[in-house]
Amino acid sequence: MGRKSLNNERKDNPKRKMEWVKIVLPHFLEKGIANLPMDEVAKILNKSKATIYKYFKSREEILELGIEEVFAEIMQFEGMLNNKEVAYVERYLNAINHLSQHIAGISILFLDDLKRLHPDIWEQVNSLRIGTLAILKEYYKEGIKLNIFKNISPSLMIASDEYFFTILADPDFLKENELNMQNAFEQYFKMKLYGILE
């Protein structure tokens with residue numbers, strides 16, 4: 001009954017909501033989802049739970065908006081990869097650096113929780129992965145045509161990226177190899193670039 005009345009009072013202020021999401025999101029990414037109940041969210045924002053519920057239906061809504069923001073930032077890499085004003089290899093390095101910065105801070109704990117507690121959002125992560133692979137494949141094809149990359153099958157190049165993305169999202173692999181997402185990502189793509197350059 002109490003939650004219903006709060007729903008009736010919900011405020012529509014996208015700017016304020018996004019400000020709060022940006023404050024809370026790094027805490028989700030670092031501590032995981034299960035370890036950040038709404039009481040903790042309220043402390044981080046220095047607001048009462050009643051105030052927060054005037055803007056958000058649930059803690060999950062805060063998380064979903066945060067993930068959408070991360071996805072939007074990650075997808076800016078496509079523009080960098082296709083920026084014809086920048087040298088071809090430099091575009092790749094810029095795009096990889098951008099991706100690396102935007103996955104920094106994502107903890108193994110967060111990945112574990114996301115996969116276990118929010119399979120619907122985890123599916124969105126998979127969709128992002130598939131889209132990213134398609135963009136990279138077109139870039140590799142163009143690089144081969146321009147004789148910048150070795151004449152290696154783009155499908156094989158993408159297969160190796162796909163396998164890498166799979167293990168990158170595997171918390172057990174990262175733990176066992178004492179890696180975090182960012183340093184695994186940077187090492188893989190530098191190794192990849194210097195292996196395919198003509």
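Modeller: Before any residue is discussed, a term needs fixing: with a 1.4 Å probe and protein chains only, buried means under 20% relative accessible area, exposed means over 50%, and partly exposed is what lies in between. The model is predicted, so local features need pLDDT of at least 70 and side-chain atom pairs pLDDT 80 or more, while totals for chains, interfaces and linings use all residues. Residues are numbered from 1 along each chain as its sequence is written, and side-chain values use heavy atoms, without hydrogens and water.

Colleague: How many salt bridges does a search of the whole structure find?
Modeller: The criterion is a side-chain nitrogen of Lys or Arg within 4 Å of a carboxyl oxygen of Asp or Glu. Applied to the whole structure, the search gives a count of 12.

Colleague: What is the relative accessible area of K31, which forms a salt bridge with E40?
Modeller: In this pair the closest N and O atoms are 3.9 Å apart. E40 is partly exposed at 25%. K31 also falls in the partly exposed class, because its relative accessible area is 29%.

Colleague: How many residues apart in sequence are the parts that R129 and E162 tie together?
Modeller: The two side chains meet in a salt bridge with an N to O distance of 3.4 Å. R129 belongs to helix α9 and E162 to helix α10 (residues 154-168), so the contact links parts whose separation in sequence is 33 residues. Helices here are DSSP runs of H or I with at least four residues, numbered from the N terminus.

Colleague: Which residues are joined into one network by salt bridges that share partners?
Modeller: K175 pairs with D172, with the closest N and O atoms 4.0 Å apart, and both residues lie in helix α11 (residues 171-176), three residues apart, or about one turn of the helix. K175 is partly exposed at 45% relative accessible area, and D172 counts as partly exposed at 45% as well. Through shared partners, the network is made up of D112, D172 and K175.

Colleague: Which elements give two or more residues to the negative patch on the surface?
Modeller: A patch takes residues with over 30% relative accessible area and no salt bridge, like charges being joined within 9 Å. The negative patch gathers E64, E68, D120 and E123. The elements giving two or more residues to this patch are α5 (59-74) and α9 (119-145).

Colleague: What is the relative accessible area of E64?
Modeller: E64 has its place in helix α5 and is among the residues of the negative patch. E64 is partly exposed, because its relative accessible area is 34%.

Methods
Patches are made of residues with over 30% relative accessible area and no salt bridge: like charges are joined within 9 Å, nonpolar side chains (Val, Leu, Ile, Met, Phe, Trp, Tyr) within 5 Å. Accessible areas come from the Shrake-Rupley method with a 1.4 Å probe; for residues, only the protein chains shown count as cover. Lys and Arg count as positive and Asp and Glu as negative; His and the chain ends are not counted. The place of a charge is taken as NZ of Lys, CZ of Arg, CG of Asp or CD of Glu.
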